[in-house]
Amino acid sequence: MATFPQVEGYKIVKNIGRGSTSTVYLAHAKNESKNMVAIKVIQRSKLSKSAENAVVTEIGVMQKFKHKHIVQMIDFLWDRKNIYIILEHCDGGDLSTFIKNHTKLPEKICRKFMQQLALALQFLRSHNVSHLDLKPQNLLLMRSPQLTLKVGDFGLAKFMSEKTQMENIRGSPLYMAPEMLLHSRYDVKADLWSVGVIAYECIYGRAPYASDSIKDLCEKVKKVLPIEIPPNQVSSECRNLLLGLLKHDPSERMGYTEFFKHPFVDLDHVPSTESYEKGLVAIHQAVKLDSEKQYKAAFCKYCIGLQYLIPYSQNESDKIKKEALQLKLKEYTKRAEELKAIYVSKMKSNSDETSDKSPTSSNDDDRSPTLLSLCQNTPQLASAVEIALSGQMYLVEGQYEAAVEKYKVGLNLLEKLLEKEPVGVRYNLLIKQVTEWKSQCENAQVLLQTKDQKVDQAIDVTDGFSSLTKGYCMFMNCICLILCIGILCISNYFNFVSN
C-alpha cells in the first residue's frame, strides 16, 4: 500500500502527477470530503538555490493573483522535509492530454481556449507578469460547470515591463521563443510565441517544430524553417493569428494589444457581465427602433445583441436562468428574421421602382457609377463580378456550399485581373468589394463546416449541456452569423441591381 506524506488539515487520496522535484496529490480537507484540492509536494532536499527561488516566486505570484483563468492557490505549508502548495483541483487534466485524446481540436474549441488564455494573459500583463513557461502541460482544465482553461505552474514567472530585457534561458524548448533558445535574450513577447505554438498544436495535433531532440529543434529554429499552415484547413482569421504569433523575429511578432483585439480571439464577445449588459442595451435599442418602424436599424441592433447574448446563454450555469434566456433569444431571433424578410421585400420593391424609371431620367446624372456599370466595357471583369455577386445571394438563401464555390471562382478571377488593373475609381471599388467578398466567403465556409461537421457532437467538451441544448446553441450561432452578414449581402446586391 502506497504511503502518502502527512499534510496538516488534509487527507491525501491518491497521486495524480509527478515532476523532477515535486509530486502532486489529490486530497481534501479532513472535515470536507466533497471539496477536492490538489497538493503539490516539493522535496526541499532536491531544490537548488535557483529552484528555491522559483518556488518562492510561484507562491508569491499565485498567492497574489485571483482570476477565473489562473489556478487558484488556497494555501501553502512547509516542514523540514517538504513545501506543500494547496491548489484548486482541476478535474479535466491538462491541455496536452486533452489534445492527445482527441488527436487535434476543431477550430471552435481552439478559439475557446485561446479566448480564455488571452484573458489570463491580459490579467498578468496588467500586473507586469510574464509566465515564461506556457505549454499545454501547464494549462489545466475544469470540466464543471463548463470546460474552462486555467494557467498554472508559475515557477518560472518574472515581473517584466514592456521594456524589460532578460538574458537567462527559461521554459520548455519545444515552446520556447527562438530569441530565448538561440540568443538567451528576450522580452515579454516570448510568451506570445508560446501561445502561437499552443494554438498550432491544438489545431494540428503537434507543435510546428516537433523534434526528437533539442539539437534537432535548435537546428530547425536556427534555419528559420517556414512554419507550414496547410491551406483550406483553417479560417483566414485563425491562419492570420498563427502567422502573427509565430514570427521568429520578436520585432515582427504580434504584440499583446493586437493579440487581445484579434478577431479570432474576439474577446469582445466572451461571456461576461459586461458582454451581457452590452447585449441587453442593443436588444432594448432594437425593440425601440422596431416599435418606431425603423426596420433596418432594428435588424442590425438585434444582430448585435444576439452576438453578445448567445455566447452568454451557452455559458450560463444556472439551468433555470439559461432556459429563460434561451427562450427570450428564440423570440429575438424570430423577430430579426421577420425584419430581414420585411427589409428584403422593401428592397425588392425599391429595385422594381428604380428599374421602371426612364433611362433618360435626370436622376441618372446624379447617380454615382456602380461597379457593374464600370465593368461593362471589360467582359472578363463583369463576368467575375457577377459570379461573386451570385455567391452573395446563395449565402443569403442559406446555400453555403454553392456560395463558397461561386465566391472562390469569382475572387480567383478578380485577383488575377486586378494585377493588370490601373489605379483609379474602378480599381478602388474593386479592392473594397473584393475585401468584403473574401470576408463573406469565409463566413460561408464557417457556416458550411458547422452544418456538415456538427462540431459540438463530434467532440465531447463536457460543458454541462444536453445533446438537445448543444444542438440549439449551434443553431442559434448559425442564425446569428447569418443575420449579421445577411444585411450587408442584401444591401450590396440590390445596390448592384438597382443600378
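Select helix H5 together with helix H7 (residues 236-245) in this predicted model, and look along the place where the two pack at an angle of about 140°, with their axes 8 Å apart. Angles over 145 degrees would count as roughly antiparallel and those from 65 to 115 as roughly perpendicular, so H5 and H7 are oblique to each other. Their crossing is left-handed. To see what makes the contact, show the side chains of Leu-192, Trp-193, Val-195, Gly-196, Ala-199, Tyr-200, Ile-203 and Tyr-204 on H5, and then those of Cys-238, Leu-242 and Leu-245 on H7. Sorted by kind, the residues of this contact come to 10 nonpolar and 1 polar, with no charged residue.

Keep H5 (residues 190-204) selected, and add helix H3 (residues 107-126), whose axis comes within 9 Å of the axis of H5 and crosses that axis at roughly 160°. Which way do H3 and H5 run relative to each other, parallel or antiparallel? Because angles over 145 degrees count as roughly antiparallel, H3 and H5 are described as roughly antiparallel to each other, and the crossing of this pair is right-handed. On the H3 side, the contact is made by Glu-107, Cys-110, Met-114, Leu-117 and Leu-121, while H5 brings Val-195, Ile-198, Ala-199, Cys-202 and Ile-203. These residues divide into 9 nonpolar and 1 charged, and no polar residue takes part. Val-195, Ala-199 and Ile-203 of H5 deserve a second look, since they are listed in the contact with H3 and also in the contact with H7.

Stay on helix H3 and select Arg-125, which is found in that helix. Is Arg-125 buried or exposed? With a relative accessible area of 9%, Arg-125 is buried. Leaving aside the neighbours within four places in sequence, show the residues that Arg-125 contacts, namely Ser-130, Met-160, Ser-161, Glu-162, Val-188 and Tyr-256. One of these, Val-188, lies 63 residues from Arg-125 in sequence, and the two are 8.9 Å apart in space when taken from C-alpha to C-alpha.

Next, move to Thr-103, which is found in the loop between helix H2 (95-102) and H3. Its phi is near 70°, a positive value in a residue other than glycine, and Thr-103 is exposed, with a relative accessible area of 57%. Then select Leu-132, placed in the loop between strand S6 (129-130) and strand S7 (139-142), where phi is again near 70° and positive in a residue other than glycine. Unlike the exposed Thr-103, Leu-132 is buried, with a relative accessible area of 5%.

Now zoom out to the whole chain, which has 18 helices and 9 strands. Of its 499 residues, 47% count as buried. Among contacts between residues at least 6 apart in sequence, 64% join residues at least 24 apart.

Finally, colour the chain by pLDDT, which averages 81, with 82% of the residues scoring at least 70. Where does pLDDT stay under 50? Select residues 358-368, a stretch that stays under 50 and for which the model has 5 contacts beyond four places in sequence. Then select residues 452-473, where pLDDT also stays under 50, and for which the model has 38 contacts beyond four places in sequence.

Notes: Residues numbered from 1 in each chain as written. Predicted model: local features only at pLDDT ≥ 70, side-chain atom pairs only at ≥ 80, totals over all residues. Heavy atoms only, no water. Axes fitted to C-alpha atoms, helices over the stretch in contact; angles between N-to-C directions. Helix = DSSP H or I, 4+ residues; strand = E, 2+ residues; numbered from the N terminus. Parallel < 35°, antiparallel > 145°, perpendicular 65-115°, else oblique. Left-handed = near helix turned anticlockwise from the far one by under 90°. Contact = heavy atoms within 4.5 Å. Nonpolar A, V, L, I, M, F, W, Y, C, P; charged D, E, K, R; others polar. Buried < 20%, exposed > 50% of the residue type's maximum accessible area, 1.4 Å probe, protein only. pLDDT = per-residue confidence, 0-100.
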